[in-house]
Structure formats: structure tokens, C-alpha cells
Amino acid sequence: MADLKKKTYHRALSIAGSDPSGGAGLQADLKTFSALRCYGMTAVVAVVDENTVGVTGVHPIPVDFVKGQIRSCLDDIGADAIKIGMLHSSELIIAVHDTLAPYNIKNIVLDPVMVATSGDPLLQAEAVETLRSVLIPAVRVITPNIPEAEILLGEKITGSDALPDAARELSQGGHVSVLLKAGHLDDSNVVADVFYNAETGRTSIHRSSRLATVNTHGTGCTLSSAVAAYLARGLDLDTAVAAAKAYISGAISSGANYTIGHGHGPVNHFHNLW
């Protein structure tokens, strides 16, 4: 029986692939959870052979073993929020959905990872429809970038003026909130991400300066896990998204001052601590 006099952790679970170079995937998620004062857990879905230069290979973990990892964490420790990253196949997407369903955890953030920063594909083509129809309706927030949003919508996003409508369309009739990341648009010195809160019906714009840096490896993983961390700590959706946007902006700005690797280096996940 728990000692009621002791403190409890804010608990966050990442269901994602592993990045051995430490900048993206579940490694980035764990760093973000820790930086934002959450107890982090992981369920590894794939071991990815990658570094700052690119992806060499993806070794999937057997689906039943992924399900076991999720149940081991949730049956024992539980979770206040879950972040879902790279799910490479339809079978895995369905398995994650079905495994999570009995736990009725509200704060699920899905980063619909399809392409790495290096441009390498990370999702099987036939799995896109499964992601769209099975998993997205079951989560609270999705955090697509422009290329991922275009794949999910089946059409091009022509500029920043189109982002609010695109975010609302991605919400599937107001069932899921959408943080649409605008970093891939080159039409401004300011990055203006759009957040559509499906629970209030309101749209907000989150602006930050565009930095000239190659150290952007894992930015999507980091932002989505920051949203999950703040939700785990009890913040409302709008506040969690605003705080996560401020955190990733600081991580990119600080990380730009470092040289690491020969390609797209990581952000500084611990910029708020050292």
C-alpha cells in the first residue's frame, strides 16, 4: 500500500523508436520528460540505426513484446500522459490502440512520425490510412509537421494562410486537437505554429523566430513529448501547448550554439537546467 505521506511523480510514457545517437525518438522523449519534471517510461517499438546524418535501418520489435512493455508500465506504475511516436506498420498501430484502450488515459499525444529530419521514410505507406482511421480518433492531440499534414490530408498546404483550415480539417470533425507545426514553410522569418483546440473550438497562433541552425534533429519528438509532460503535470491544453512551444524554442536556440555530429545535430533538452 502506498505511503500517503510520500510525494508522487507526474508519470509520462513514451511509445516510440530508439535513436542511438540520442537526439530523437524515445531518448529525446526521456530527456524532455526529465527536463520538465516528469517520471519517464518507455515502450520500445523499433531499434533504429541512425545518427545525425541519416537512417541506416529499422529493426522492429515484435508486436506482442511492444504490447507487453506497455502493459508492464501501465499495470504497475500507470501514466498521467502518453506520447506516441514512430509506429512503422498497420499491425503495430492497431496493437498500440487496442492495448491502450482499456486504460482510458485521456492525455495521449501522437506525433505522426513519417519522415526523419534527414528525409528518410519511417512509416510504411499502407500504414498511413490505419493511422488516420484507427489511432488518431483515439488520442487527445496530434502534432504533425507540414509534410505529415499533407500526407494525412492528401493535399498540399500552400502557405501559412492555409494552416488554420488545415488544422481544423485534421481534427476529424473536432474529435482531436491539432498542433500544426509550420517550420517547413519558408515564407517568413517567423515560425507560426497553429493550434486548433478541438475541446473549445478555438484556434491560436504560436510564433517564434526562425533560427539559422542545422541542429534540428528530434525537434518534433521533443515538442510532442513536452506537450505530454505538461499535460501530465495537470496543465490545460492551451497552456500545455504554449509552454511546450516555449520549451522547444529555447531548446533550439540553445542547441544552435553547439557542434555535435556531422549532420543535423540535436536541440539542447536541458537548456532550462544547465
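Where is alanine 138 found? In this predicted model, alanine 138 sits in the loop that joins helix H4 (127-135) to strand S6 (141-142). Its relative accessible area is 37%, and alanine 138 is therefore partly exposed, since that class lies between the limits of 20% for buried and 50% for exposed. Leaving aside residues up to four places away in sequence, alanine 138 touches His97 and Ile108. Glycine 255 lies 117 residues from alanine 138 in sequence, and the two C-alpha atoms are 34 Å apart in space.

The strands were examined next. Nine strands make up an open sheet with mixed pairing, and their order is S3-S2-S1-S4-S5-S6-S7-S8-S9. Strand S3 (55-60) and strand S9 (202-209) are the edge strands, each of which pairs on one side only. Strand S1 (residues 11-18) has seven buried residues out of eight, so S1 is largely enclosed by the rest of the structure. Eight bridges connect S1 with strand S2 (residues 39-50), and the two strands pair in the parallel sense. Within this pairing, alanine 46 of S2 is the residue opposite glycine 17. Strand S6, which follows the loop of alanine 138, pairs with strand S7 (residues 177-180) over two bridges, in the parallel sense. Here isoleucine 142 has valine 178 of S7 as its bridge partner.

Helices H3 and H7 both lie across strands of the sheet. Helix H3 (residues 90-100) lies across S1, S2, strand S4 (81-84) and strand S5 (108-110), and runs at about 175 degrees to S4. Helix H7 (residues 219-232) lies across S1, S4, S5 and S7, and its angle to S4 is about 170 degrees.

Packing between helices was described for one pair. Two packed helices are characterised by the angle between their axes and by the distance between those axes. For helix H2 (residues 63-76) and helix H3 (residues 90-100), the angle is about 25 degrees and the axes are 10 Å apart. The angle falls under 35 degrees, and H2 and H3 are therefore roughly parallel to each other. The crossing of H2 past H3 is right-handed. On the H2 side, the contact is made by Val63, Val66, Lys67, Ile70, Arg71 and Leu74, while H3 contributes Glu91, Leu92, Ala95, Val96, Thr99 and Leu100. Sorted by class, eight residues in the contact of H2 with H3 are nonpolar, one is polar and three are charged.

How values were computed
Residues are numbered from 1 along each chain as its sequence is written. This is a predicted model: local features need pLDDT of at least 70, side-chain atom pairs count only at pLDDT 80 or more; totals for chains, interfaces and linings use all residues. Side-chain values use heavy atoms; hydrogens and water are left out. Axes are lines fitted to C-alpha atoms, for helices over the stretch in contact, and angles run from 0 to 180 degrees between N-to-C directions. Helices (H or I, at least four residues) and strands (E, at least two) are DSSP runs, numbered from the N terminus. Angles under 35 degrees count as roughly parallel, over 145 as roughly antiparallel, 65 to 115 as roughly perpendicular and the rest as oblique. A crossing is left-handed if the near helix is turned anticlockwise from the far one by less than a right angle, and right-handed if clockwise. Contact means heavy atoms within 4.5 Å. Ala, Val, Leu, Ile, Met, Phe, Trp, Tyr, Cys and Pro count as nonpolar, Asp, Glu, Lys and Arg as charged, and the others, Gly among them, as polar. Buried means under 20% relative accessible area, exposed over 50%, partly exposed in between (1.4 Å probe, protein chains only). Two strands pair if DSSP finds at least two bridges between them.
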